[in-house]
Amino acid sequence: MSFVGQLETELAQFKREGVYKRLNYLDSPQAARVKMEGRGEVVILSSNNYLGLCNAPDVVQGGKDALERWGAGTGSVRFICGTFTVHRELEAALAQFVGCDAALSYVSCWNANEGLCPTLLGEQDIVISDQLNHASIIDAIRLAKTITRCQTAVYKHSDMADLEEKLKAAKSARLRLVFTDGIFSMEGDIAKLPDIVALARKYDAVVAVDDSHATGVLGRSGRGSAEHYGMLGQVDIITSTLGKALGGAAGGFTAGPAVLADYLTQRSRPQLFSNALPPTVAASALAAVRHVERHPELVTKLHENARYFREQLVALGFKPLPGETPIVPVILGETAKAIQMSELLLGEGVFVTGFGYPVVPQGHARVRCQLSAAHTRADLDFALRAFKKVGSKLGLI
């Protein structure tokens, strides 16, 4: 079979299994309501635009001003061609925002995670990962294992007894790195950070938290999972994204001790051999951080919307996973049913994505609703009416 033929066969299999992904094209800025090609105006319930900053005027203006001042990009990597001052300013603001000494930006949090594990870990070291960690953490660990032959272990999801067993078994390792998501993106639950940090201190381990779904979301002022637990400054390493609550453009970062940022600048290959963030993105992200600092009420509004939507789904007869984050998964079991429900909801003017295996475990297919501070009560009630209509049609309520 030819190369093209092989790909066509596999794509056909994806379609038969109901896991083929079709792109929906938007013709307006990301917001609570958007213009979708072929659909008209729809309510978005599948975006990570948690604070509604993707189209905030000051965030957009920050990017425009940067384009005029610094141009389109760096043209090369930072240590070769020079680093724009906006990158330094952004990194200082990010570090302060998440309660760390220093930060280093990357073109994505995926890059940040892949730049962390292979750089820090060697054959004498071990990384211990939560079972439900994001794919970027999983691949970063796989990469490190391949490149540096570090040791790896996985603990059951949020199971502190199992984590402790893994730490005990790793007592001979030079560096013990515990890596967890802050908010688990498919479940919407929050890592047991106080317990994880306590175990790490007990067994002389280092804690890394990917706070991509928690930055701008958790804590009174949106500073993430550490602030949520009153632990700002107590987490060793934080990786996160600029592509969700912080304006949604692109980019990521790693924050921690100043010596870590310096070491990653020297040795982290995704940092050394990739162009820096475009100055437009760096400046718009910086504007987003400043916006959140000035408007903590956005975080309050986000959680009010999430509570209302979750409570109303339950009142309709749905059974969303319990939680306190703006990620509200409705478990449907079969992948085909999740895909069907998402398509029917889109027909009613509500864009929410259905997920099945292998993104989530077998038998746990779902539609994952994601709330935003930009949603009005009218937006949420419109979506709830669509859920009621589609749920009745499918015999779910």
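Reader: Let me start at the end of a helix. Which sign does phi take at Gly395, just after α15?

Author: Positive. This is a predicted model, and in it Gly395 has a phi of about 70 degrees, just after α15.

Reader: Now the helix itself. How does the reach of α15 compare with the span expected at 1.5 Å a residue?

Author: Compare the end-to-end C-alpha distance with the expected value. Helix α15 covers residues 377-393, 17 residues in total. From first C-alpha to last it reaches 24 Å, close to the 24 Å expected.

Reader: Which residues of α15 are buried?

Author: Burial here means under 20% relative accessible area. In α15 the buried set is Asp379, Leu380, Ala383, Leu384, Ala386, Phe387, Val390 and Gly391. Look down the axis of α15: these buried residues fall within an arc of 160 degrees, so they line one face of the helix.

Reader: And which exposed residues does the face turned away from that buried side carry?

Author: Arg385, Lys389 and Lys393.

Reader: What covers the buried residues of α15?

Author: Look for contacts from other elements. The cover includes the strands β1, β2, β11 and β13 (365-370). It also includes the helices α13 (297-316) and α14 (335-347).

Reader: Some of those strands belong to a sheet. What is the strand order in the open sheet of three?

Author: Read the order from one edge to the other. Here it is β1-β2-β11, with mixed pairing. β1 (33-36) and β11 (350-351) stand at the edges, with a single partner strand each, so one side of each has no neighbour in the sheet.

Reader: In which sense do β1 and β2 pair?

Author: Antiparallel. Four bridges link β1 to β2, residues 40-44. To find the register, pick a facing pair: Lys35 stands opposite Glu41 in β2.

Reader: On to the sheet of seven strands. What is its order?

Author: β3-β9-β8-β7-β6-β4-β5. This sheet is open too, and its pairing is mixed. Its edges are β3 (102-106) and β5 (151-155); each has a single partner strand, so one side of each is left without a neighbour in the sheet. The twist averages 20 degrees from one strand to the next.

Reader: How many bridges join β4 to β5?

Author: Five. β4 (residues 126-130) and β5 run parallel. Ser129 has Val154 in β5 as its bridge partner.

Reader: Which strands does helix α7 lie across?

Author: Take the strands in contact, then the angle. Helix α7 (residues 160-169) lies across β4, β5 and β6 (176-181), at about 160 degrees to β5. Helix α10 (residues 258-267) lies across β3, β8 (237-241) and β9 (252-256), at about 30 degrees to β3.

Reader: What is buried in α7, and what covers it?

Author: Met160, Asp162, Leu163, Glu164 and Leu167 are buried. Their cover includes β4, β5, β6 and α8 (193-202). Check the start of α7 as well. There a side-chain oxygen of Asp159 comes to within 3.1 Å of the backbone nitrogen of Ala161.

Reader: One residue to finish, Asp125. Where does it lie? Is it buried or exposed?

Author: Asp125 sits in the loop between α5 (109-120) and β4. Its relative accessibility is 0%, so Asp125 counts as buried.

Reader: Which polar contact joins the side chain of Asp125 to another side chain?

Author: The one with Arg174, at 2.7 Å. A polar atom of the Asp125 side chain also lies 2.7 Å from the backbone nitrogen of Gly122.

Reader: How far apart are the C-alpha atoms of Asp125 and Gln151?

Author: 6.0 Å, across 26 residues of chain. Gln151 is among the residues that Asp125 touches, as are Leu120, Cys150, Ala173 and Leu175.

Definitions and conventions
Residues are numbered from 1 along each chain as its sequence is written. This is a predicted model: local features need pLDDT of at least 70, side-chain atom pairs count only at pLDDT 80 or more; totals for chains, interfaces and linings use all residues. Side-chain values use heavy atoms; hydrogens and water are left out. Two strands pair if DSSP finds at least two bridges between them. Helices (H or I, at least four residues) and strands (E, at least two) are DSSP runs, numbered from the N terminus. The expected span of a helix is 1.5 Å times one less than its number of residues. Buried means under 20% relative accessible area, exposed over 50%, partly exposed in between (1.4 Å probe, protein chains only). The arc is that of the directions from the helix axis to the C-beta atoms. Contact means heavy atoms within 4.5 Å. Axes are lines fitted to C-alpha atoms, for helices over the stretch in contact, and angles run from 0 to 180 degrees between N-to-C directions. A polar contact is a pair of N or O atoms within 3.5 Å; within protein, one must be able to donate a hydrogen and the other to accept it, and residues adjacent in sequence count only if both atoms are side-chain atoms. Lists of a residue's contacts leave out its neighbours within four places in sequence.
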